[in-house]
Amino acid sequence: MEVQAEMEPSSSISLISAVSYGIASMAMVFINKAVIMQYPHSMTVLTLQQLATSLLIHFGRRMGYTRAKGIDLATAKKLLPVSIFYNANVAFALASLKGVNIPMYIAIKRLTPLAVLIAGFLFGKGKPTTQVALSVLLTAAGCVIAALGDFSFDLFGYGLALTSVFFQTMYLVLVEKSGAEDGLSSIEIMFYNSFLSLPFLSFLIIVTGEFPNSLSLLLAKCSYLPFLVILILSLVMGIVLNFTMFLCTIVNSALTTTIVGVLKGVGSTTLGFVLLGGVEVHALNVSGLVVNTAGGVWYSYAKYRQKKAKPAKLMSDLEAHKK
């Protein structure tokens with residue numbers, strides 16, 4: 001029973017981790033939007049989020065609130081690619097937004113589940129079940145259909161967005177692989193990722209010219225209480241988002257995390273129509289969202305069936321080893 005518990009997380013933990021990530025990710029979209037509307041230096045905001053994460057985990061470990069281990073050089077070398085792919089994904093995603101409109105950007109980023117499925121197959125995870133594969137394809141197809149009404153083509157921006165999808169795919173696969181093989185907790189991976197991100201992000205904000213103007217503007221903006229509250233909320237939610245994302249990836253899989261991200265995108269888009277207004281609704285958008293949601297529900301059902309079948313198979317394997 002102990003072996004089974006260690007190898008197969010309970011259904012409730014899997015569900016809670018996925019739902020938590022979806023809620024945190026959806027909330028982060030609107031919080032970051034509120035910050036960027038008043039403070040356009042997005043890379044500086046990201047740097048502050050990673051710094052806050054590193055400091056919180058560091059002091060939490062010192063005060064005994066978490067069992068996360070300190071920095072180990074060998075582990076840092078193993079997780080350095082995770083941090084590089086994470087920051088490369090963010091950097092290319094932000095750069096692509098300069099030439100690609102939001103609907104097309106979302107459509108391209110929603111191709112990540114398909115990319116993760118392909119990457120998992122190439123890296124030896126085995127062939128997915130027919131239902132899982134078809135549900136992912138249906139989800140991706142729904143995303144493309146939803147964005148057709150607002151499609152605009154920018155070759156350079158399109159290339160940047162697709163490159164971001166590649167980096168995000170590699171990042172999620174490496175997170176899953178690192179957590180499974182090295183026995184690292186979600187907090188430990190989050191600490192390494194945020195700590196290793198700081199030099200890279202510091203270099204970026206200097207090269208892009210955000211610093212030092214971004215710092216002086218930030219100090220001036222913080223004298224305005226509403227902005228300060230939103231900024232603090234952004235830093236806190238950045239920590240919550242990273243934790244739930246790593247937890248969901250380790251407990252479930254990289255593919256599950258990306259599917260939750262896709263469904264989060266549907267929820268964010270729907271709330272955007274209600275909260276923001278000024279968006280014209282097209283038949284293709286609505287049809288695409290329906291197809292996308294159907295694919296997500298189908299995938300959830302397929303993974304539930306697959307998870308229920310695993311314990312029985314695991315116990316039969318254990319019995320076979322005893323004989």
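**Figure 1. Overall view of the protein chain and its surface.** The accessible surface of the protein chain comes to about 17,100 Å². Carbon and sulfur atoms make up 71% of that surface. The model shown is predicted. The protein chain has 323 residues, and 42% of them count as buried. It holds 13 helices and zero strands. Read along the sequence, the pattern is therefore α-α-α-α-α-α-α-α-α-α-α-α-α. Among contacts with a separation of 6 or more, 88% join residues 24 or more positions apart.

**Figure 2. A nonpolar patch on the surface.** Five side chains form this patch: Leu51, Leu55, Phe59, Met63 and Tyr65. Together they offer about 570 Å² of accessible area. Methionine 63 sits in the loop between α3 (42-62) and α4 (73-96). Its relative accessible area is 56%, so methionine 63 counts as exposed. The cut-off for exposed is over 50%.

**Figure 3. Threonine 47 in helix α3.** This close-up centres on threonine 47, a residue of helix α3. Threonine 47 has 11% relative accessibility, so it counts as buried. The cut-off for buried is under 20%. Neighbours within four places in sequence are left aside here. Beyond them, threonine 47 is in contact with Leu198, Leu201 and Ile205.

**Figure 4. Phenylalanine 85 and phenylalanine 167, an aromatic pair.** The structure holds six aromatic pairs. In one of them, phenylalanine 85 meets phenylalanine 167 in a tilted arrangement. The ring centres are 5.7 Å apart, with 40° between the planes. This pair links distant parts of the chain. Phenylalanine 85 belongs to helix α4, and phenylalanine 167 to helix α8 (residues 155-182). The two residues are 82 residues apart. Phenylalanine 85 is buried because its relative accessible area is 17%. Phenylalanine 167 is also buried, at 16% relative accessibility.

**Figure 5. Phenylalanine 191 and phenylalanine 195, an aromatic pair within helix α9.** Phenylalanine 191 and phenylalanine 195 form a tilted aromatic pair. Their centres lie 6.2 Å apart, and the angle between the planes is 35°. Both residues belong to helix α9 (residues 186-207). They are four residues apart there, so about one helical turn separates them. Phenylalanine 191 is buried, with a relative accessible area of 6%. Phenylalanine 195 is partly exposed, at 38%.

**Figure 6. A cluster of phenylalanine rings.** Ring pairs link Phe85, Phe92, Phe166 and Phe167 into a cluster. Phe85 and Phe167 form a tilted pair, 5.7 Å centre to centre. Phe85 lies in helix α4 and Phe167 in helix α8.

**Figure 7. Cysteine 222 and cysteine 248.** The structure holds zero disulfides. A disulfide would be a covalent bond between the sulfur atoms of two cysteines. Cysteine 222 has 24% relative accessibility, so it counts as partly exposed. Cysteine 248 has 0% relative accessibility, so it counts as buried.

Terms used:
Residues numbered from 1 in each chain as written. Predicted model: local features only at pLDDT ≥ 70, side-chain atom pairs only at ≥ 80, totals over all residues. Heavy atoms only, no water. Patch = residues over 30% accessible without salt bridge, like charges linked within 9 Å, V, L, I, M, F, W, Y side chains within 5 Å. Areas by Shrake-Rupley, 256 points an atom, 1.4 Å probe, with all protein chains shown as cover. Salt bridge = Lys/Arg side-chain N within 4 Å of Asp/Glu carboxyl O. Buried < 20%, exposed > 50% of the residue type's maximum accessible area, 1.4 Å probe, protein only. Disulfide = S-S within 2.5 Å. Phe/Tyr/Trp six-rings, centres within 6.5 Å; stacked < 30°, edge-to-face > 60°. Contact = heavy atoms within 4.5 Å.
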